[in-house]
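Good morning, and thank you for making time for this item. I should like to take you through one structure, region by region. Please look at the display as I go.

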Amino acid sequence: MPAGRTTLSEYLSQQTAEHQSLNPDLSKLILEIAKAVQEIALLTSQGALEGVMGSLESQNVQGETQKKLDVLSDEILIQTFQSGNLVAGIASEENDEPLSNPKGGSFLCLFDPLDGSSNIDVNVSVGTIFSILSSPSNTKPAVSDYLQMGRQQIAAGYAIYGPATMLVFSLGYGTHGFTFDAISGEFILTHPTIQVPADTSEFAINASNERFWEPPVSRYINECKQGKTSVRGRDFNMRWIASMVADVHRILMRGGVFMYPKDTKDPTKPGRLRLMYEANPMTFLVEQAGGLGSTGRQRILDVQPESIHQRIPVILGSKNEVERIESYHREYDRAEH
Ligand code: AFP
């Protein structure tokens, strides 16, 4: 191993030694997740060669057509968690009900096994998102045990299967990025203590939904589009990869604001993204890196979950931009009442 390169296991040992409050089993769990990520990375990197592209006849709990890789990734993670005695229960985007681990454990893990899967068949970066909670019961956790606020997460992270496979996570002491080295088979610390710039000139939103947005969102986006000629006094750029992991990774690397706001497209849905295994873990990571996550009206990590698959509006990234968008929502709500 070339000098000066810290492996994931070395980093975890250092963190456990440095922070007495860290449960050593948490490091073991992160290492198990890293192994599952390597398996998923291999599958995604093989693409059409493995016959894993395309969709299945089945649908997930969201009523979305499942991709073969969605299900295979889900199976890899379930097998990983249930072969050990660290995780008492798991909840996945791909499964209606949470699954208990007969071996028991002190953690709960909630995950989106392959986020951005509509990008798989066109070879665009996808990812795995995970959230780790303490389990109130060592075995057979109840659904209510999972419904903990995002602020109660003890760890969260994602893998991004891009040009490089990276693992980005936080144990509550900053957000750190590791790059997989296929030669050594190790995850190497390449992005220690990631910081999201407080200001940005880049926003990410699916602009095709514009006619469904609430006025404060339209106000913010229009000011960005008007650039120098608006109150913002500078031009903005737009990105939309339609893979949350890839969009949020970019924001962690260079700042920006990611928005999937509440809209009227489907009044039964308060947003597209899921609170427990997309918004909460991604907000945990961004806030550990100095950014903010909000629904526009409430900080995401303070939302009391009501169901495992509930959806939520997401405004996430550079602190000053998120605060500005929140202020636009307050002004709008005051004027409306
Ligand atoms: P898929 O997993 O169905 O591709 O959805 C990805 C996602 O949940 C999130 O990763 C993206 O940010 C968002 O949906 C993209 O939504 P649109 O397709 O409406 O832009």
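An oxygen atom of the ligand sits 3.1 Å from a polar backbone atom of G116. For S117, too, a polar backbone atom is 3.1 Å from a ligand oxygen. Y260 contributes through its side chain, where an N or O atom is 2.6 Å from an oxygen atom of the ligand. Taken alone, the ligand exposes 480 Å², and the protein buries 87% of that area. I should state at this point that the model is predicted, and that every value I quote is computed from it.

How many residues surround the ligand? There are 15, and the closest are D115, S118, M244, Y260 and R272. By class, this shell consists of 6 nonpolar, 5 polar and 4 charged residues. Two strands deserve mention here: β13, residues 257–260, and β14, residues 273–274, each provide at least two residues of the shell.

M244, one of the closest residues to the ligand, also belongs to helix α6, which brings me to that element. Is α6 largely enclosed or largely open? The helix spans residues 244–254, and 9 of its 11 residues are buried, so the rest of the structure largely encloses it. The buried residues are M244, V245, A246, D247, V248, H249, R250, I251 and L252. R254 lies in the same helix, α6, but it is partly exposed, because its relative accessible area is 47%, between the limits of 20% for buried and 50% for exposed. As a distance marker, the C-alpha atom of R254 is separated by 19 Å from that of R232, the two residues being 22 apart along the chain. Just after α6, G255 adopts a positive phi of about 85°.

Helix α7, residues 275–288, may be described in similar terms. It is mostly covered, with 12 of its 14 residues buried. Among the buried residues are Y277, E278, N280, P281 and F284. Just after α7, G290 has a positive phi of about 90°.

I turn now to internal space. A search of the whole structure finds 1 cavity of 30 Å³ or more, and the largest cavity holds about 30 Å³ of space. Which residues line the largest cavity? They are I33, L77, F81, C109, F111, T128 and F130. The lining comprises 6 nonpolar residues, 1 polar residue and no charged residues. Helix α3, residues 68–82, together with strands β5, residues 107–115, and β6, residues 126–134, is represented in that lining, each element supplying at least two residues.

My final item is Q148, found in the loop between α4, residues 143–146, and β7, residues 155–161. Why does Q148 count as buried? Its relative accessibility is 12%, and the limit for a buried residue is under 20%. What does the side chain of Q148 reach at 2.9 Å? One partner is the backbone oxygen of D145. The backbone oxygen of S134 likewise lies 2.9 Å from a polar atom of the Q148 side chain.

That concludes the tour, and I am glad to take comments.

How values were computed: Residues are numbered from 1 along each chain as its sequence is written. This is a predicted model: local features need pLDDT of at least 70, side-chain atom pairs count only at pLDDT 80 or more; totals for chains, interfaces and linings use all residues. Side-chain values use heavy atoms; hydrogens and water are left out. Buried means under 20% relative accessible area, exposed over 50%, partly exposed in between (1.4 Å probe, protein chains only). Helices (H or I, at least four residues) and strands (E, at least two) are DSSP runs, numbered from the N terminus. A residue is near a molecule or strand if one of its heavy atoms lies within 4 Å of it. A polar contact is a pair of N or O atoms within 3.5 Å; within protein, one must be able to donate a hydrogen and the other to accept it, and residues adjacent in sequence count only if both atoms are side-chain atoms. Accessible areas come from the Shrake-Rupley method with a 1.4 Å probe; for residues, only the protein chains shown count as cover. Ala, Val, Leu, Ile, Met, Phe, Trp, Tyr, Cys and Pro count as nonpolar, Asp, Glu, Lys and Arg as charged, and the others, Gly among them, as polar. On a 1 Å grid over the protein atoms alone, a cavity is a set of points where a 1.4 Å probe fits but cannot get out, and a pocket is an open set with protein on both sides within 12 Å along at least five of seven lines; lining residues have an atom within 4 Å of a point. Grid points are joined across faces, edges and corners, and a volume is the space filled by probe spheres set on the points.
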